[in-house]
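Q: Please pick one part of this model and look at it closely. I would like to know what lies around it.
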Amino acid sequence: MAVVPEQPPDTYTHGHHESVLRSHRWRTAENSAGYLLPHLRPGLDLLDVGCGPGNLTLDLARRVAPGRVLGLDAAADAVEAARSDAPTEGPSVEFAVGDVYALDLPEDSFDVVHAHQVLQHLGDPVAALREMRRVVRPDGVVAVRDSDYAAMIWAPLDPRLDRWLALYHELTRRNRAEADAGRFLLGWAQAAGFREVTATTSTWTFADEDTRSWWGSLWADRVTESSYATQALEHGLTDEAELADLADAFRTWAAAPDGFFAILHGEVLARR
């Protein structure tokens with residue numbers, strides 16, 4: 001029998017720089033999991049895969065309390081941040097390091113398995129979905145949501161932002177990841193064996209002074225200080241001068257009174 005070589009481990013393009021966690025901590029059940037909320041009720045057991053600093057996990061936990069909630073992330077530092085940020089009062093949530101390809105959980109363990117902005121960073125998203133399918137109960141639901149970078153739009157136009165997006169695609173391809181995952185979720189879920197899959201979309205929009213300032217400064221920091229920057233430099237895809245120029249492009253966009261930025265997300269609710 002031929003031996004199938006192991007795939008290299010996944011590389012998280014963003015890393016866990018403060019500018020990345022700043023974005024993750026902004027996410028709420030309302031702005032990031034609205035498609036799932038009608039399916040939540042008290043007493044459900046929920047697994048949150050790729051929980052990051054855990055604030056979205058905690059928000060979902062409030063909807064299913066007193067059900068069991070477990071947040072998993074492949075990065076130990078993200079799990080530590082989640083444990084540190086968790087309030088002493090409120091719903092009880094367990095956070096642990098875990099591998100989405102090999103969940104250390106028995107079959108039929110949870111009513112809801114949720115993953116937000118996770119599949120876009122994986123080399124084998126279908127395998128991850130199969131594992132999520134294994135641990136969800138027969139009458140449960142797997143809910144995944146991912147952005148689609150190629151579908152992002154903004155104004156005013158700036159060729160430097162076009163370059164930022166092209167560079168992001170170059171880097172994610174190097175990392176064997178799919179930056180435009182949102183459009184592929186339906187097909188991935190079908191390939192993973194789910195019998196019933198409902199696909200929807202939603203958006204984030206940054207178009208007023210406060211949200212422009214937040215989004216623009218966040219990405220200005222990311223393109224110079226996060227793993228996006230260090231990985232792009234290591235692969236020889238850019239140089240520090242260009243990254244500084246990309247950061248300036250985000251600050252310039254944020255300062256524009258007509259600045260507009262919209263992000264499209266694909267979403268699926270999948271049942272066994």
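What follows is a close look at strand β5 and the elements around it.

A: A word on the model comes before the strand. It is a predicted model, numbered from 1 along each chain as its sequence is written. Local features need pLDDT of at least 70 and side-chain atom pairs count only at pLDDT 80 or more, while totals for chains, interfaces and linings use all residues, and side-chain values use heavy atoms, with hydrogens and water left out.

Now to the strand. β5 covers residues 136–147. Helices (H or I, at least four residues) and strands (E, at least two) are DSSP runs, numbered from the N terminus. Nine of the twelve residues of β5 are buried, so the rest of the structure largely encloses it. Buried means under 20% relative accessible area, exposed over 50%, and partly exposed in between (1.4 Å probe, protein chains only).

Which strands pair with β5? One is β4, residues 110–116. β4 and β5 pair in the parallel sense, over six bridges. Two strands pair if DSSP finds at least two bridges between them. Find Phe110: it stands opposite Val136 in β5. Another partner is β8, residues 260–271, and here the sense is antiparallel, again over six bridges. Val142 has Ala270 in β8 as its bridge partner.

Next, the helix. β4, α5 and β5 make a right-handed β-α-β unit. Right-handed works like this: with the strands pointing away from the viewer, the path from the first strand over the helix to the second runs clockwise. Helix α5 spans residues 125–135. Its buried residues are Pro125, Val126, Ala128, Leu129, Glu131, Met132 and Val135. Here is a rule to hold against that list. An α-helix has 3.6 residues a turn, so residues three or four places apart point the same way.

What covers the buried residues of α5? The cover includes β5 itself, along with β4, β1 (46–49) and α7 (185–191). Covering rests on contact, which means heavy atoms within 4.5 Å.

There is another unit to set beside this one. β2, helix α4 (residues 76–85) and β3 also make a right-handed β-α-β unit. Strand β2 (residues 69–73) pairs with strand β3 (residues 94–97) in the parallel sense, over four bridges. Leu70 has Glu94 in β3 as its bridge partner.

Back to β5, then: parallel to β4, antiparallel to β8, and joined with α5 in a right-handed unit.
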